[in-house]
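The following exercises introduce a protein model to a reader who has not met it before. Each task is followed by a solution that proceeds step by step.

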Amino acid sequence: MAATGFLFLSLMSLSLLHSPSPASAFNYADALAKSILFFEGQRSGKLPANQRVTWRGDSALSDGSSCNVDLVGGYYDAGDNVKFGLPMAFTTTMLAWSIIEFGGLMHGELGNAKAALRWGTDYLLKAATAAPDALYVQVADPNQDHRCWERPEDMDTPRNVYKVTSQNPGSDVAAETAAALAAASIVFKDSDPAYSSNLLHTATQVFDFANRYRGSYSDSLSSVACPFYCSYSGYNDELLWGASWLHQASQDVSFMSYIESNGHTLGAEDDDYSFSWDDKRVGTKILLSKGFLQKGIEVLQLYKAHSDNYICSLVPGTSSFQAQYTPGGLLYKESGSNLQYVTSTAFLLLTYAKYLDSNGGSVLCGTSKVAAADLVSVAKKQVDYILGNNPARMSYMVGFGSRYPQHVHHRGSSLPSVRAHPGRIACSEGFQYLYSGSPNPNVLVGAVLGGPDSQDRFADDRNNYQQSEPATYINAPMVGALAFFAGTPM
């Protein structure tokens, strides 16, 4: 009875974080469709005939030509025109994981989700196979790119290409690429077996490269990787993450042996509570806990225990609670692009809830027993906050709801489209649009932005990129979370 009473108290504490408005029911199916559509606005390369974001055009059609390789395609990470390999690979992994766990709830959007995923994997396959013992990890010098405010269709900044090799390693970006390809191979296993087999084969080779030639890509490519996407957490987390996905995809016992032998040194016992393009530790623990919860693999019980620690850190009122929430109830990690942590956390909560549900398990936080349904409730508060149930009564998903940000930090969205303004808009000429007070002429539908500050304040200001810039890795886990709520009666 004491444990039950304490749980009730903890959940009451959670509810007090945010008092929802009476009209807090959202059209999650619409939000799901828009969250996937966003990726079409981020496409680089030759656009397909069925492109739905029609204000975009072909761009960067010569990427890789300076090194006689084909690196056309992929995604621009956020509001600029650079293709960064580490966040793109993480985006791809999370799109795949979203489909693996919740694709059955996507209904008519499953095809669009798989198309978004394949746009990423097609590029990563090119990057991984263009040259032996090398992985191409970036196109464009961000320092040069950021000196201009140009549409991707117009850009004339240098499209330098960067790679990691045995002499200049990048275990972090390589292992994340392996994770992405392996996870995607699961998605396409039934619908396109040949493509799936190619993804898995390439993933295995890229992981071997990452593991054999150890080092951080931030050290090898510091001038162009940092401070934009430095691998602050190092590469151990990606090695364990990559091996975990390769085991999921292949069921090859050698990867389980790798996890058993190397888990301790690669962070298995670290309790880290941020999941992002940089740090994969808690995501790996959730993923590996599946093997214990669903298959009873005893050596993975450690990962379930550390997953529980993470969950307990998020639930107010428990003895292990340590997360920070805004007065309005939003999980808060940092001032720059905070919603990336919110969407990734919501996804992990829902995924872990699914794993727990599969065997009737629960989380014990001190004396409090937290059930799968409680994790869903925590995740729902975060998703609903993003969609508009917040003190500002604003949706932080562009194009969703009646009130959403109008001044998005995004070159293509903020400049007149090539259809509306066929003439070229030069590098420095574009800055008038960055600093303009007018709304973006092209609505980047589905984009989830960086979001409000620790006091729920949001500046709808194009120049405030910390709050107003979208990113693919913010949206990717949101796709899975929205699929859950779109397909699950609440």
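**Exercise 1. Describe the surroundings of Thr-177, beginning with its side chain.**

Step 1. The side chain of Thr-177 reaches the backbone oxygen of Val-173 at 2.8 Å. This is a polar contact, that is, a pair of N or O atoms within 3.5 Å, where within protein one must be able to donate a hydrogen and the other to accept it, and where residues adjacent in sequence count only if both atoms are side-chain atoms.

Step 2. The model is predicted: local features need pLDDT of at least 70, side-chain atom pairs count only at pLDDT 80 or more, and totals for chains, interfaces and linings use all residues. Residues are numbered from 1 along each chain as its sequence is written, and side-chain values use heavy atoms, with hydrogens and water left out.

Step 3. Thr-177 belongs to helix α6, residues 171–187. Helices (H or I, at least four residues) and strands (E, at least two) are DSSP runs numbered from the N terminus.

Step 4. With a relative accessible area of 3%, Thr-177 is buried. Buried means under 20% relative accessible area, exposed over 50%, and partly exposed in between (1.4 Å probe, protein chains only).

Step 5. Not counting residues up to four places away in sequence, Thr-177 touches Ala-89, Leu-124, Leu-135 and Val-206. Contact means heavy atoms within 4.5 Å.

**Exercise 2. Determine the strand order of the open sheet of 3 strands, and place Leu-135 in the pairing.**

Step 1. The order is β1-β2-β3, with antiparallel pairing. Two strands pair if DSSP finds at least two bridges between them.

Step 2. The edge strands are β1 (83–84) and β3, each of which pairs on one side only.

Step 3. Between β1 and β2 there are 2 bridges; Lys-83 has Val-139 of β2 as its bridge partner.

Step 4. Strand β2 (residues 134–139) is joined to β3 by 5 bridges, and Leu-135 has Val-164 of β3 as its partner.

Step 5. Of the 5 residues of β3 (residues 161–165), 4 are buried, so this strand is largely enclosed by the rest of the structure.

Step 6. Leu-135 is also among the residues with the most contacts inside the largest nonpolar core, which has 151 residues. Such a core is a set of buried Ala, Val, Leu, Ile, Met, Phe, Trp, Tyr and Cys residues joined through side-chain atoms within 4.5 Å.

**Exercise 3. Which residues does the UniProt annotation "active site" cover, and is His-409 buried or exposed?**

Step 1. In the unreviewed UniProt entry, the annotation covers His-409, Asp-460 and Glu-469. They span 61 residues in sequence, yet no two of their C-alpha atoms are more than 10.3 Å apart, so they gather at one spot. UniProt positions are given in the numbering used here, feature names are shortened, and annotations may be inferred rather than shown by experiment.

Step 2. His-409 lies in the loop between α15 (372–387) and α16 (411–414). Its relative accessibility is 9%, so His-409 counts as buried.

Step 3. A polar atom of the His-409 side chain lies 2.7 Å from the backbone oxygen of Arg-462.

Step 4. Asp-460 lies in the loop between α17 (431–434) and α18 (465–468). With a relative accessible area of 26%, Asp-460 is partly exposed.

Step 5. A polar atom of the Asp-460 side chain lies 2.9 Å from the backbone nitrogen of Gln-406.
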